[in-house]
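Student: I would like a close look at one part of this model, a single strand and what surrounds it. Please take me through it step by step.

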Amino acid sequence: MSKVKYYYDPDTLSYRKIEPKKSKRYRNLFFFLLGSALFGFLGLIILLNTSWVNTPKELSLDREVRNYELQFEILSKKMEQMEQVLANIEERDNNIYRLYFEANPIPEEQRRAGFGGVNRYKSLEGFNNSEIIINATQQLDIIQKQMVIQSKSLDEIAKLAEEKEKLLAAIPAIQPVRNEDLTRMASGYGWRSDPFTKARKMHRGMDFTAPRGTPIYATGDGVVVRADNRSSGYGKHIRIDHGYGYMSLYAHLSKYNVTKKQKVKRGDLIGFIGNTGRSQAPHLHYEVFKDKERINPINFYYGSLTAEEFENMLKFATQENQSLD
């Protein structure tokens, strides 16, 4: 309560009460109300921006939200690392694996294709952190799709590798008679003098001279499709189907060591050198077919000859001499 003030009046020789002016009273009231409003506004701001007014539940939820934001940030960094690793695998897949196995690279637009159609992330909209959640989900979906594509590609590469291994095993890649068993390489592929008619004739195989009974070996994996003497001029002969369009023929044998429909591996003993059919002396007449066309067998001896041995064979094989059949 404010104090009452008095002043001395010399005219009346008495003390009189000081009455404040109305304008001053209104001014004081205005400043009081203004000060109260300012203090109230500042108090409200302080209350809204200080954690001590939040309830324990609100504080817990706030900590949980900050934790989720941190987890999303960590997840985003991990996904970026995954994308780098996946990009490295994709590069090796296109530039090494698929190139080696003669397969077409997967187009970049196929690997990076997005998701068309309706909005896949509509259910994630409308939340405080929708943008973070949608971005992380979208990034994860893209990685998942790229991994599916890469997984299918690696499955294809594995199948191609298996086929490549089978192909390499099937190609007739060794000499059918061992060098130590050979008397000589009598005649090669090309134009030769016929031993019976003396006319110049195309010789579509190679003649290996060796004593009767010398072992003959399969030059590649395959299945015996013929082991008989019912082909003109060849006498007792064997034909092996290697698959992939390859077939090998072994003629003028003395006897067989395999039967029709038997599976053989490269290096298996299949028969013995003889002098049956249209033959001038004991030898093996050897032919290679690719897609039913006879080709020069000398191009397939990389699996059993050294560079020097191959050079010597090439020298004798290119001489236009007389064949033995």
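Tutor: Start with one term: a residue is buried when its relative accessible area is under 20%, exposed when that area is over 50%, and partly exposed in between. Keep in mind that this is a predicted model.

Now take strand S13. Four of its five residues are buried, so by that cut-off the strand is mostly covered. What lies beside S13? Strand S7, residues 215-217, pairs with S13 in the antiparallel sense over three bridges. One bridge to look for sets Tyr217 against Leu269 in S13. Strand S11, residues 253-256, also runs antiparallel to S13 and is joined to it by three bridges. There, Tyr256 stands opposite Gly271 of S13.

Next, look at the side chains. The largest nonpolar core has 24 residues. Phe208, Ile238, Ile240, Tyr250, Ile270 and Leu284 have the most contacts inside this core. Strand S13 (269-273) supplies at least two residues of the core. So do strands S6 (206-209), S9 (237-243), S10 (246-251) and S14 (283-290), each with at least two. S14 gives the most, with three residues.

Stay with S9 for a moment. Asp241 has its place in this strand. Is Asp241 buried or exposed? Its relative accessibility is 32%, so Asp241 counts as partly exposed. Beyond its neighbours within four places in sequence, Asp241 is in contact with Gly222, Val223, Val225, Tyr246 and Met247. Take Gly222 from that list: Asp241 and Gly222 are 19 residues apart in sequence, yet their C-alpha atoms are 5.4 Å apart in space. The side chain of Asp241 also reaches the backbone nitrogen of Gly243, at 3.0 Å.

Now the charged pairs. The structure holds eight salt bridges. One of them joins Asp228 and Arg230, with the closest N and O atoms 3.4 Å apart. The two partners are set differently: Asp228 is buried, with a relative accessible area of 8%, whereas Arg230 counts as exposed at 65%. Another salt bridge links the side chains of Asp291 and Lys290, at 3.1 Å from N to O. Asp291 is exposed, with a relative accessible area of 51%. Lys290 is partly exposed, at 24%. Elsewhere, Arg178, Glu180 and Asp181 are joined into one network by salt bridges that share partners.

For contrast, turn to a helix. Helix H4 covers residues 130-170, which makes 41 residues. How far apart should its ends be? At 1.5 Å a residue, H4 should span 60 Å, and its end C-alpha atoms are 60 Å apart, so the two values agree. Some of H4 is covered: Ile134, Ile143, Ile149 and Ile157 are among its buried residues. Polar residues are buried in H4 too, including Gln139, Asp141 and Gln146.

H4 also has a salt bridge. Lys166 pairs with Glu162, and their closest N and O atoms are 3.6 Å apart. Why can these two meet? An α-helix has 3.6 residues a turn, so residues three or four places apart point the same way. Lys166 and Glu162 are four residues apart in H4, so about one helical turn separates them. Both side chains belong to partly exposed residues: Lys166 has 42% relative accessibility, and Glu162 has 43%.

Conventions: Residues numbered from 1 in each chain as written. Predicted model: local features only at pLDDT ≥ 70, side-chain atom pairs only at ≥ 80, totals over all residues. Heavy atoms only, no water. Core = buried A, V, L, I, M, F, W, Y, C linked by side-chain atoms within 4.5 Å. Buried < 20%, exposed > 50% of the residue type's maximum accessible area, 1.4 Å probe, protein only. Expected span 1.5 Å × (residues − 1). Contact = heavy atoms within 4.5 Å. Polar contact = N/O pair within 3.5 Å; in protein donor to acceptor, adjacent residues only side chain to side chain. Pairing = 2+ DSSP bridges. Salt bridge = Lys/Arg side-chain N within 4 Å of Asp/Glu carboxyl O.
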